[in-house]
Amino acid sequence: MRVTESRAPHEGAGSQPAAVVELRAAHVAPPSPSSPPAPAPAASAQPAPALPDAERPAEHGRGGAAGDIEPQTDRLRYLDTATRRIARGMDLDETLRELRLAAVPAFADTILVYLCDPLSVGDEKSAPPVTLRLHLPEPPLKPRPDAADTERLTVPGRLAELLLAGRPVFGDTQGIGSAVAELLEPVLSGAGSLPDGRRLIVAPLRGRHRVMGTVVLLRHPDRPAFIGDDLLVASQLATHTALGIDKAVLYGREASVADALQRAMLPSSLPEPTGVRLASRYLPASETARVGGDWYDAIPLPGNRVALVVGDVMGHSMTSAAIMGQLRTTVQTLAGLDLPPDEVLHHLDEQAQRLGSEHMATCLYAIYDPVSRRLLVANAGHPPPVLLHPDGRAEVLWVPPGAPIGVGGVAFEAVEMAAPAGATLLLYTDGLVESRDRDVWTGVELLRARLHAAAHVLAAPPLEELCDEVLDILGPGTRDDDIALLAARFDGIPSHDVAYWFLDPRPQTAGRARRLTARSLHRWGLESMLESTELMVSEVVTNAVRYATRPITLRLLRTDVLRCEVGDDSQKVPRMRQAQPGDEGGRGLFLVDRLAWRWGATRLSTGKVVWFEQQIPERYREKRLVPQPDGRP
Amino acid sequence: MGSGNSVGSGNSGADQENARPDRTGQAEAFDAIGDRYDEAFPHKEGQLSAGEWLIGSLPGGARVLDLGCGTGLPTARQLADGGLDIVGVDLSGGMVELARKNVPGGVFHRLDIADARPGGTPDLGRFDAVTAFFSLLMLQRAEIPLALRSIHQLLLPGGLFVLSMVEADVDDFAIPFLGNTVRVSGYLRDDLRRVVEGADFEILEETSYSYAPAIADVPPEEQIFLRCRRRG
């Protein structure tokens with residue numbers, strides 16, 4: 001969801017340190033007179049204002065004459081512009097690009113940036129020795145296949161001390177000559193020689209707590225040498241650059257952690273429930289706002305129904321991602337209780353308020369029932385879902401919009417509608433339909449039209465292709481919001497594959513359930529599964545009857561598996577345990593565990609369901625057409 | 001809730017005459033449901049096929065009583081269109097209104113089906129056939145054998161009776177139904193046959209359907225249709 005505050009930058013050094021430094025020294029233009037001096041990549045970018053007196057101090061000597069006031073003013077003017085543009089950078093590359101544009105050619109002819117390897121992101125203090133890697137400007141030259149082994153230089157002795165001290169020095173400072181030569185060696189190899197000491201400044205990049213690398217500023221032999229005051233200029237440039245890198249590294253770390261956090265909290269795969277096919281997409285926001293709080297989910301419910309969820313925590317930050325994770329978990333828990341959609345949103349709203357009043361989110365919660373072919377939907381301030389009918393008509397579903405999660409005290413309303421076989425439901429977040437140039441409703445209409453057009457080309461477009469088609473409405477360019485998309489194609493389950501009974505809990509109920517099961521299995525031609533199924537039904541029903549006070553339910557469902565569900569109004573969920581004398585309940589589950597392909601027990605708001613599944617042997621499976629025609633038997 | 005009642009126990013028959021269960025709630029629920037009933041239960045193949053059987057089995061102008069006629073659709077209209085003389089009763093005044101509108105040729109009364117018996121008020125007379133599609137399940141189990149005996153008496157000798165029920169082993173069980181709550185009773189198939197035969201009907205044919213209502217709050221159901229003839 002787009003909001004004006006808390007726009008985090010995209011990844012800085014923290015997220016991809018390897019890519020930043022993995023470049024070879026040999027790619028750098030050597031600081032020789034024959035080479036063009038400026039490595040700045042952005043040809044169209046405005047260079048920094050000239051430093052017209054850059055050479056004048058050399059002409060006048062290093063005296064403190066009154067005539068120096070004007071050059072000093074020019075220096076300040078230059079620094080003012082240069083530092084402001086350096087501070088503008090939002091990530092590492094941008095910061096360094098601005099530094100280059102500010103420094104070359106106004107202040108130096110070539111600039112080399114070395115960053116500590118690794119570039120630490122914590123608050124730990126730096127200590128010698130310092131390990132550096134040359135950083136090349138963007139766009140990086142394409143690394144050659146043999147470029148994997150990049151230069152990694154350990155800076156020894158005096159130079160390391162000077163770097164840690166954080167003050168710029170000339171190349172001719174005592175005790176650093178050989179270290180500087182070694183630093184520049186890969187760059188200079190084969191071309192030119194080390195500039196003389198006063199045409200070279202080593203300016204440490206010192207952040208708030210630590211040294212992050214160094215800038216080497218070079219002047220050609222045909223240009224006047226640096227003077228003493230240039231050390232102050234270099235110091236200013238380096239300090240602002242270092243703070244920029246610090247900021248970028250921290251932002252980058254936050255963005256990457258939040259991105260990883262968010263991805264970890266989205267479903268790694270969708271369930272594959274019978275009667276509905278699912279597809280999903282998640283796209284992080286590009287460039288400036290990587291992190292969002294969008295999520296989606298699909299949760300199987302008893303009776304082969306499935307809950308379809310999409311939500312969006314407001315804001316773009318690690319907090320949004322963290323809140324998203326908590327809300328998603330809450331929704332899963334509430335869905336597990338098989339609450340109706342409006343109650344799920346009601347409890348989610350309450351939970352969001354407990355998490356903190358500033359956490360707002362939108363959420364749409366739908367339950368698809370493949371047997372009744374109905375859809376129940378409730379909404380908390382989320383954009384409306386779109387239903388693509390089997391006849392190609394695309395409909396924006398009318399669902400009472402509701403208030404966002406976190407507002408509190410507002411009732412939600414569930415609406416029920418037909419979900420015909422062959423129809424496709426599309427849930428999405430506002431990033432798909434809303435942008436700086438497009439309001440939500442224009443976007444929703446665009447989405448509707450695109451779905452209609454897609455169905456016009458192909459009556460029932462494959463789900464994955466349909467998702468891609470839908471994302472196509474975004475067009476090229478940057479996204480300023482993340483996007484979650486969940487598509488559900490309704491296949492339905494024919495009612496003749498389902499059997500359902502209410503049974504009063506009585507001593508003879510297990511026997512009755514067994515007979516009803518046998519009848520259904522005969523009807524379905526599954527006599528080969530009779531013995532095991534009857535045995536398990538009998539065990540599970542016996543358990544249910546022991547605690548039930550109202551009629552229990554027995555549901556049989558035939559797809560590629562035979563699923564049996566026994567529901568009762570007691571929330572006491574049976575556990576497998578070693579049989580104790582006089583203990584009947586737990587023992588039956590050992591039998592179920594041994595005979596069933598899968599089984600489980602789900603606590604519901606109204607009681608519980610114990611279910612088990614057996615795979616139907618291939619030769620007994622009904623050849624079915626997908627999607628099923630909507631007609632009933 | 002009489003969950004302990006055994007099938008066919010007519011032991012409360014004596015109370016029955018004095019203390020009729022209060023079904024005001026049921027009537028109100030169906031008043032509120034109205035037309036939505038037909039939307040939630042489309043594709044009534046079993047019911048239509050039973051109607052066809054009656055039309056084919058009875059002479060034109062034969063009198064048929066539809067117990068729990070609801071909106072009059074599809075059965076009362078089908079039978080009227082088939083040339084039969086249709087009388088419908090329903091507990092819900094709203095439903096009776098709808099039935100009168102839907103089937104102008106029929107005669108409809110607001111009446112508890114437990115009160116439909118010869119010489120009752122109104123006196124419905126006697127019939128060549130009676131239908132009770134998913135209506136006896138609105139009674140408590142103890143009332144159902146009595147209602148069957150009344151139906152027996154409402155029929156002329158050899159008269160036909162078509163009954164449909166949802167298969168369930170429950171008595172006076174409150175279930176959510178189209179946004180309302182109704183109380184229902186049911187039998188498993190063999191028990192239902194026993195009760196019907198116990199009321200002196202001969203079962204000519206039995207069919208069953210797995211049916212999924214087109215509504216989220218009503219679970220799928222096993223529907224049993226019995227085509228019967230009055231013995232004697």
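Two residues are in contact here if their C-beta atoms, placed from the backbone, lie within 7 Å, and that cut-off is worth keeping in mind while you move through this predicted model.

Begin by selecting Leu308(A) and displaying its surroundings: leaving aside residues up to four places away in sequence, Leu308(A) touches Ala298(A), Ala366(A), Tyr368(A), Leu425(A), Leu427(A), Leu486(A) and Ala488(A). Now widen the selection to the largest nonpolar core, which has 234 residues, and in which Leu308(A) and Leu217(A) are the residues with the most contacts inside the core. To see which element supplies the largest share of this core, select helix H7 of chain A, residues 228-265, which contributes 11 residues. As general background, nonpolar side chains in soluble globular proteins tend to be buried together.

Next, colour the whole of chain A by secondary structure, and you should find 15 helices and 21 strands. If you then colour by burial instead, 48% of the 633 residues of chain A count as buried. Among the contacts in chain A with a separation of 6 or more, 73% are between residues 24 or more positions apart.

Turn now to the place where the chains meet, a contact that takes 20 residues from chain A and 20 residues from chain B. On the side of chain B that touches chain A, the elements to select are strand E6 (170-177), strand E8 (201-211) and strand E9 (221-230) of chain B, each of which gives two or more residues. Of the elements on this side, E6(B) gives the most, with 3 residues. Colouring the residues of this side of chain B by character divides them into 12 nonpolar, 3 polar and 5 charged.

Stay in chain B and select strand E1, residues 63-67, where 4 of the 5 residues are buried, so that the strand is largely enclosed by the rest of the structure. Which strands should be shown alongside E1(B)? One of them is strand E2 of chain B, residues 85-90, which runs parallel to E1(B) and is joined to it by 5 bridges, with Leu67(B) standing opposite Val89(B) in E2(B). Following the chain from E1(B), you pass through helix H5 of chain B, residues 75-81, before reaching E2(B), and this β-α-β crossover is right-handed. Strand E4 of chain B, residues 127-133, also runs parallel to E1(B), with 3 bridges joining the two, and here the pair to label is Leu65(B) and Val130(B), the latter in E4(B), which stand opposite each other.

Technical notes
Residues numbered from 1 in each chain as written. Chains lettered and ligands numbered in written order. Predicted model: local features only at pLDDT ≥ 70, side-chain atom pairs only at ≥ 80, totals over all residues. Nonpolar A, V, L, I, M, F, W, Y, C, P; charged D, E, K, R; others polar. Buried ≥ 20, exposed ≤ 12 C-beta atoms within 10 Å, placed from the backbone. Pairing = 2+ DSSP bridges. Right-handed = clockwise from strand over helix to strand, strands pointing away. Core = buried A, V, L, I, M, F, W, Y, C linked by C-beta atoms within 7 Å.
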